[in-house]
Amino acid sequence: MAFKVTQSDIQAAHEKIQPFIHRTPVLTCQSINEMVGAELFFKCENFQKIGAFKARGGINAVLSLPEEARTKGVVTHSSGNHAQAIALAAKMAGVPAYIVMPKNAPEVKKKAVVGYGAQITLCEPTQQSREESSARIQEETGATFISPYNDYSVITGQATCAKELIEEQPDLDILIAPVGGGGLLAGSALSALYYKPELTVYAGEPEGAKDTYLSMQAGTITKVEKPSSIADGLLASMGDKNFEIIKELVKDIFLVTDEEIVAAMRIIWERMKIVIEPSCAVPFAAISKNKGVFAGKKVGVILTGGNVDLAKLPF
């Protein structure tokens, strides 16, 4: 099957954004490997600009806009990390950024968005409220809407994360990422297809926001009303552009509870001495829960971000 995002698109995006992002490290931990019976290679996007992988897709999307459209600014909705990515990219490009954030978004993420000079509009914590607020701002300002995940420029930018991981650790057997709206997972699956076709791709998803799991079972997008999880970055509904890729290239979705997410987050904090947010812990929680699938394998794990509110740690 031919996809709209090609290998040359990913290569071009990587070259475009390289001056503005970090090439994040790949870390290992012997005690964690012994715990799960596999070799895990953690791609640490918690060390990325804005503290999350979202910088890749946001910067690529803004820089890919025609000059005339870019000058009118950009608008998006996000619980935090994509908001920061678009705010940073707009600041780099010298254009306005209008960011719609749910009222319950973590304060640390709201403050970061304001710090990049973006204008925040708070909305109710529902997909409908996010979309309606974004549409109103777009109409008022003429700014270009950039989806947090359901946008080919965003997907292409996110794909560069897995591309780097595969380049650094070419002997991987498995790649696993978390899934919310699906931009990272779709991009990761495409990089696996183009740069190492034999790589098996999985995803972890919160039990309380399992729309991708249900969609894979049904073969069509199936939404979850009022998704709820400690993994606030994974509450978005699956995008149709992403699902077309994911349903073809991702082998399975593993569900994890909030308790399992917190336990996985704590292990990484304690054993690896790095700060990760709850959404970031979901793939490791999935590995810990499904050890038989990963046993004896070399597994690439994308650690998506470290923007956690230190005043509200879950442990």
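**Entry 1: Phe 315 and its ring partner**

I looked up the exposure of Phe 315 in this predicted model. Its relative accessibility is 33%, so I recorded Phe 315 as partly exposed, since that class lies between the limits of 20% for buried and 50% for exposed.

I then turned to the aromatic pairs, of which the structure holds five. In one of them, Trp 269 and Phe 315 meet edge-to-face, with 5.5 Å from centre to centre and 80° between the planes. This pair links distant parts of the chain, 46 residues apart: Trp 269 belongs to helix 12 (residues 258–272), while Phe 315 sits in the segment after strand 10 (298–303). I also noted one aromatic cluster, formed by Tyr 202, Phe 254 and Phe 294.

**Entry 2: Gln 48**

I located Gln 48 in the loop between strand 2 (39–44) and helix 3. Is Gln 48 buried or exposed? Its relative accessible area is 4%, and therefore I recorded Gln 48 as buried. Its side chain reaches the backbone nitrogen of His 22 at 2.8 Å. Beyond its neighbours within four places in sequence, I found Gln 48 in contact with Ile 21, His 22, Thr 24, Phe 53, Ala 55 and Arg 56.

**Entry 3: Helix 1 against helix 3**

I examined how helix 1 (residues 7–17) packs with helix 3 (residues 54–63): the angle is about 90° and the axes are 10 Å apart. The two helices are therefore roughly perpendicular to each other. Helix 1 contributes Ala 13, His 14, Lys 16 and Ile 17 to the contact, and helix 3 contributes Arg 56, Ile 59, Asn 60 and Leu 63. I sorted the residues of this contact into four nonpolar, two polar and two charged.

Terms used: Residues numbered from 1 in each chain as written. Predicted model: local features only at pLDDT ≥ 70, side-chain atom pairs only at ≥ 80, totals over all residues. Heavy atoms only, no water. Axes fitted to C-alpha atoms, helices over the stretch in contact; angles between N-to-C directions. Helix = DSSP H or I, 4+ residues; strand = E, 2+ residues; numbered from the N terminus. Parallel < 35°, antiparallel > 145°, perpendicular 65-115°, else oblique. Contact = heavy atoms within 4.5 Å. Nonpolar A, V, L, I, M, F, W, Y, C, P; charged D, E, K, R; others polar. Phe/Tyr/Trp six-rings, centres within 6.5 Å; stacked < 30°, edge-to-face > 60°. Buried < 20%, exposed > 50% of the residue type's maximum accessible area, 1.4 Å probe, protein only. Polar contact = N/O pair within 3.5 Å; in protein donor to acceptor, adjacent residues only side chain to side chain.
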